Amino acid sequence: MPLFLSTSSGDVPPLPDGAAARAWRALEHALDRACGVEDNPLRQLGGLGFYLFWLIAITGGYLYIFYDTSVEGAYASVEALTRGQWWAGGVMHSLHRYASDAFVAVIVLHLVRELMLGRFRGFRWYSWVSGVPTLWLALAAGVIGYWMVWDTIALFVATATAEWFGALPGFGPALVRNFIFEGAVSDRFFSLVVFLHIGLPLVLLLAMWAHVQRLTRPQTGASRAVVLWSLGAMLALSLTEPALSGPPANLVRLPASLPIDWFYLAPLTAIYATSPELVWAVSMGLTLLLTVAPWLGAPARPAPAEVVPQYCNGCRRCFADCPFAAIAMAPHPGGEGEIAVVDADRCASCGICAGSCPSSVPFRPGARLVSGIDLPDLTVGVLRDELDAAFRQPGAAGATLVFACRHGAMPAVRPELVVFGLPCAGMLPPSFVEYGLRAGAAGVAVATCGQGDCEYRFGVRWTLERLAGRREPRLRRGVDRTRLAVIHARREDRAALEAQIESFRSRLAATGAGSTAGGVRRHIFGGNGHG
Amino acid sequence: MANTVLRYGGQAILYLLFAAFVGYFSTAPAYQHLAPGEALLRLSFRHPGQLTTDCRPRSAEELAKLPPQLRAQMECPRERSPVHVRVELDGKVLYDETFQPAGLRRDGAASGYHRLPIPAGDHVLRVQFNDDIRVKGFNHEGERQMKVVPGQVVLIDFIPDQGGVVIR
């Protein structure tokens, strides 16, 4: 059975797709229409989270300058800053508050997105698992922040937190006594709170740094449009609904109704609705579930890329192109230069490395094409063999050759098309375009998945840059670009893909391309033993 | 041009909706910590109960079995009594619980914390403690007539130096 070639018998079907993934993509595509792919906030939730973190840090730094770490001064200093200096300190206070709320919303959305798109299993386990503590740390840092104001909400939060932790064996019910007696809270308490409110975000930053360690070129910021729009929205909110403190903390009076921040304090209210023990059980259960999620019902992982030492010249292209930092360079066992080394645990088996390898050139002589780095189950050698076999079929000459990403739309099989499905468009070495044309194709269409939808982050980008000659390996300048079409087709847009292929075929027919393709094919293959 | 206007308009609506979402849930809906017209009784104490048994002299045989450096004349078990607390409001038992001493040898202090929402108004609050397992009933008691207003917090503590049960 062909591994790449899509035939009428139904080989190489699109990859299975869940309802959750379809729903999330539909939401993203809807926002694409308003924001554009590049500036769609849903497509850069991780980067937006980093941006909000820095916004919180900067505004928090300003507030810290004026904050008084004493029982008497804490509330008064925040009030003086918020009301006496509303145009600066007040706005900073509000921005600090609302950016922190948005931070939690963005983290949760980021988690939901990866969950719905199924991007938490297999090679992505590390990024997923390392993201779980960030949720806890973000919540902890925010909750501690509410203590600093020392208003009625602060007292409620401090007491509720102590009650919640008091249910744990190591703390005990006496913990809450630190907050319910006159004189129990001292100036040193506020120094401790400041230490925690600065220390926890630093630990959070460390966790965020660890979270992106298995990504090449991680997105640690948002696009300019997203930055400006979100900052504008937060500023507008800060000016229209400034974040204000409640009445000062009073140990003998507790308002029946509290305007709490649900982004951070919802778990604390749950301890009164249920019990602290149950909230701990649910929190720990959810954390455990999130932590083990990558291994629950996980399908078998495809074989990782393998390096063939005699064909690896240490050029570093795969090292540069791998989206998941799965490739390192090491001294070549042959004693000279370097060799690529694949970390199997990080490998996505996307084939982008094979597409980048200078030895993945189908014109190389030899009965068997072996690349310096390749997917053992889907080699470029097999791709060449199947391409040869397809164009050896009677009537194949003059057909349109389609290399399609299996995560995008796949065209229906019909006689005038020869379709190869790839795990990622980035697996396609550009020289296969020229090879296909010489094999007899009237034209070559490279169908990537939709812009912004790339399952492997850089597959579309690298493909475009390679075919445009801006990135190694480049498509040779002499190749007739009129016989090449690059089509971005989302999985749901099969009809649009078909229409673009037909349009391409019409253009080819108008220029008479492919009429002599068969002759070219015989000439090339006669010369290298593959005819 | 029309597309640009639509695009900017769409983004403005999107971000304003997000800001509205953040702004709303940042303070609303208000959390009803106590029902209207309720006050709060807070029971909180940390107190080591009395030792469960008195010291007794060791016999010569018992002393002989011990290593020389451990041959103390008196044996004093360290286990402490649990603390039994009962809270009555207007003659009705509101809360009745026994708190065990901390520690593997049960030789630490017993700690307790409990929230008891009560209706505001005039009440007679009676709190009883028993910190000695050898005493039947309760060996400490405090009672107070009080008028509590909605949202008021009344704290019940146990401080031996201040006479035992403290209501404030």
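Ala99(A) makes a good entry point to this predicted model. Set aside its neighbours within four places in sequence, and Ala99(A) is in contact with Leu52(A), Leu55(A), Ile56(A), Thr59(A) and Met234(A). The cut-off for such a contact is 7 Å between C-beta atoms, which are placed from the backbone.

Now widen the view. Ala99(A) belongs to the largest nonpolar core, a set of 89 residues. Ala99(A) is also listed among the residues with the most contacts inside that core, together with Leu52(A), Phe103(A), Ala154(A) and Val157(A). Leu52(A) therefore appears twice: as a contact of Ala99(A), and as one of the residues with the most contacts in the core, where "buried" requires 20 or more other C-beta atoms within 10 Å. Which element supplies the largest share of this core? Helix H4 of chain A, residues 86-116, does so with 10 residues.

There is a second core, separate from that one. It holds 72 residues. Among them are Cys318(A), Ile327(A), Ala485(A) and Leu508(A).

Step back to chain A as a whole. Its secondary structure comes to 17 helices and 10 strands. The C-alpha trace spans about 95 × 50 × 40 Å along its principal axes. Chain A has 531 residues, and 45% of them count as buried. How much of the contact map joins residues 24 or more positions apart? Taking the contacts in chain A with a separation of 6 or more, such pairs account for 72%.

Next comes chain B. The domain assignment gives it domain 1, residues 1-31, and domain 2, built from 38-50 + 81-167. Taken over C-alpha atoms, the centres of these domains of chain B are 51 Å apart.

The two chains meet in a contact that takes 38 residues from chain A and 35 residues from chain B. On the chain B side, the elements giving two or more residues are helix H1 (2-25) and strands E1 (31-32), E2 (38-47), E7 (110-119) and E10 (153-159). H1(B) gives the most, with 11 residues. By class, the side of chain B that touches chain A has 19 nonpolar, 12 polar and 4 charged residues.

One detail links the chains through their strands. Strand E2 of chain A, residues 257-258, pairs with E1(B). In which sense do they run, parallel or antiparallel? The pairing is antiparallel, over 2 bridges. Within it, Leu258(A) stands opposite Tyr31(B) of E1(B).

Conventions:
Residues are numbered from 1 along each chain as its sequence is written. Chains are lettered from A and ligands numbered from 1 in the order in which they are written. This is a predicted model: local features need pLDDT of at least 70, side-chain atom pairs count only at pLDDT 80 or more; totals for chains, interfaces and linings use all residues. Domain bounds come from an automatic or database domain assignment. A nonpolar core is a set of buried Ala, Val, Leu, Ile, Met, Phe, Trp, Tyr and Cys residues joined through C-beta atoms within 7 Å. A residue is buried if 20 or more other C-beta atoms lie within 10 Å of its own, exposed if 12 or fewer, and partly exposed in between; C-beta atoms are placed from the backbone. Helices (H or I, at least four residues) and strands (E, at least two) are DSSP runs, numbered from the N terminus. Ala, Val, Leu, Ile, Met, Phe, Trp, Tyr, Cys and Pro count as nonpolar, Asp, Glu, Lys and Arg as charged, and the others, Gly among them, as polar. Two strands pair if DSSP finds at least two bridges between them.
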